[in-house]
Amino acid sequence: MESSEYQRLYELEEQFWWFQGMQHITRALLNKYSGSSMEKKLLDAGCGTGGMFSLLSQFGHTTGIDSSTKALELAAKRKNSILVQADVSYLPFTENSFDIVTSLDVLYHLNVKNDVEVLKELARVMRPGGIMLLRVPAFNRLRSTHDEVVHTRQRYGKSELITKLEQANLDILFVSYANCLLFPIAVAYRYFLQPKTHGSDLHALNPYLNMALAFLLKLESYLLKYFRLPFGLSLVAIIKKNDLQ
C-alpha cells in the first residue's frame, strides 16, 4: 500500500461503509465458527492500522502483526492489541500459538510472493482445532486504479482460492463471495464510470449514502450465516487446521 494511504485508512476505517460492513460480516462468521472467549489467543496477520482490533478483541487476546512501520505506528494509537512488526511469510511465533487467525485482505498483496506458503505459515501457528478467517478481493477482471494504489498482486476466483487452500493442506469449512448486493453497481462503475486517474476508492461519502451502503453489507452478514453468496467483490473463507499438520 502507498504510504499516504495508511493515514487515510486510519482516519476513515471506523466510519467508512465498507469497513463497517466487513466488521458485521467478520463478527457473524467468528460468532458462528469460533464463539467469543477472552481465554483464546487471536492473531491478526496483516493488521494494517488496527481498525479491526476493537471487534477482534471480543474473540480473544489479540496480537497484530504487520510489515509496515507506518501502519504499526498508527495501530499503536488504538491500544487494543499487542503489536509485532513481522512479515506474514515468516511469523515470529512457535507452532500452535493461536486459537484464531485472521488474514483480512492480505494474501492478495504484491509483497506476498507465494500465497500457498503463506497459508501454510498461518496454519503453522494455529492450534489444533483452531480456525482461520480469510478475506481476499475477488475477480481479477475488476482490477482498478484502487488496486494499483493498495499494491494488489491479484484478485481471486472462488475455485482458485479453494485450490490454494487445499494445496496448503487446510480443511475448508466455508467459502463464499461477499459484497454481493452492490456487485452490479460496482461492475458498472469500474467498467464505465470510474475515471482513469481516480486512485484509491477510500474517500469520505455523503453520510446518508455511507449509511445505506453499510446497511447492505450488514444485511449480507445475516445471509452469510445460512447461505453462500454466488458472486461479490470479496471472498471470505473459514478454514480449520488439518489434524495431520
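Here is a walk through this structure, from one helix to the salt bridges and then out to the surface. Keep in mind as you look that this is a predicted model.

Let's begin with helix α2, which covers residues 17-33. A quick ruler check works nicely here: at 1.5 Å a residue, its 17 residues should span 24 Å, and the C-alpha atoms at its ends are 25 Å apart, which agrees. Now look at what α2 tucks away. Its buried residues include Trp17, Trp18 and Phe19, and further along the helix you'll find Ile25, Leu29 and Leu30 among the buried ones too. Gly21, Gln23 and Thr26 are also on the buried list. Just past the end of α2 comes Gly35, with a positive phi of about 75 degrees.

Next, hop over to helix α5. This helix is mostly covered, with seven of its 10 residues buried. Which residues of α5 are the buried ones? They are Asp115, Val116, Val118, Leu119, Glu121, Leu122 and Ala123. And what does the covering? The list of elements lying over those buried residues includes the strands β1, β4, β5, β6 and β7, along with helix α7.

You may have spotted two acidic residues in that buried set, Asp115 and Glu121. Both have a salt bridge partner. Asp115 pairs with Lys164, with 3.3 Å from N to O. That pair links distant parts of the chain, since Asp115 belongs to helix α5 and Lys164 to helix α7 (residues 158-167), 49 residues apart. Both partners are buried.

Glu121 does things more locally. Its salt bridge is with Arg124, and the closest N and O atoms are 3.0 Å apart. Both residues sit in helix α5, three residues apart, which is about one turn of the helix. Is each partner buried or partly exposed? Glu121 has a relative accessible area of 13% and is buried, while Arg124 has 22% and is partly exposed. The cut-off for buried is under 20%, so these two land on opposite sides of it.

How many salt bridges does the whole structure hold? The count is seven. Another of them joins the side chains of Asp105 and Arg135, at 2.8 Å from N to O. Asp105 lies in the loop between β4 (98-104) and α5 (115-124), whereas Arg135 is in strand β5 (residues 126-137), so this pair ties together parts that are 30 residues apart in sequence. Asp105 counts as buried at 18% relative accessibility, and Arg135 is buried as well, at 6%. Elsewhere, Glu13, Glu14 and Arg78 are linked in a network of salt bridges.

Stay with strand β5 for a moment, and find Val136. At 0% relative accessibility, Val136 counts as buried. Val136 and Asp105 are 31 residues apart in sequence, yet their C-alpha atoms are 4.7 Å apart in space. Leaving aside residues up to four places away in sequence, Val136 touches Asp105, Leu107, Tyr156, Leu161, Ser234 and Leu235.

Now for the cysteines. Cys47 counts as buried, at 8% relative accessibility, and Cys180 is buried too, at 9%. How many disulfides turn up in a search of the whole structure? The answer is zero.

Cys180 also leads us to Phe231. You'll find Phe231 in the loop between α9 and β7 (234-241), and its relative accessible area of 32% makes Phe231 partly exposed. Not counting residues up to four places away in sequence, Phe231 touches Phe139, Tyr177, Cys180 and Phe183. Phe231 is also 8.9 Å from Leu181, C-alpha to C-alpha, although the two are 50 residues apart in sequence.

Leu181 brings us to our last stop, on the surface. Which residues form a nonpolar patch there? Leu181 does so with Phe215, Leu219 and Tyr222, and together they have about 390 Å² of accessible area. One member, Tyr222, is found in helix α9 (residues 207-223). With a relative accessible area of 44%, Tyr222 is partly exposed.

Technical notes. Residues numbered from 1 in each chain as written. Predicted model: local features only at pLDDT ≥ 70, side-chain atom pairs only at ≥ 80, totals over all residues. Heavy atoms only, no water. Salt bridge = Lys/Arg side-chain N within 4 Å of Asp/Glu carboxyl O. Helix = DSSP H or I, 4+ residues; strand = E, 2+ residues; numbered from the N terminus. Buried < 20%, exposed > 50% of the residue type's maximum accessible area, 1.4 Å probe, protein only. Patch = residues over 30% accessible without salt bridge, like charges linked within 9 Å, V, L, I, M, F, W, Y side chains within 5 Å. Areas by Shrake-Rupley, 256 points an atom, 1.4 Å probe, with all protein chains shown as cover. Contact = heavy atoms within 4.5 Å. Expected span 1.5 Å × (residues − 1). Disulfide = S-S within 2.5 Å.
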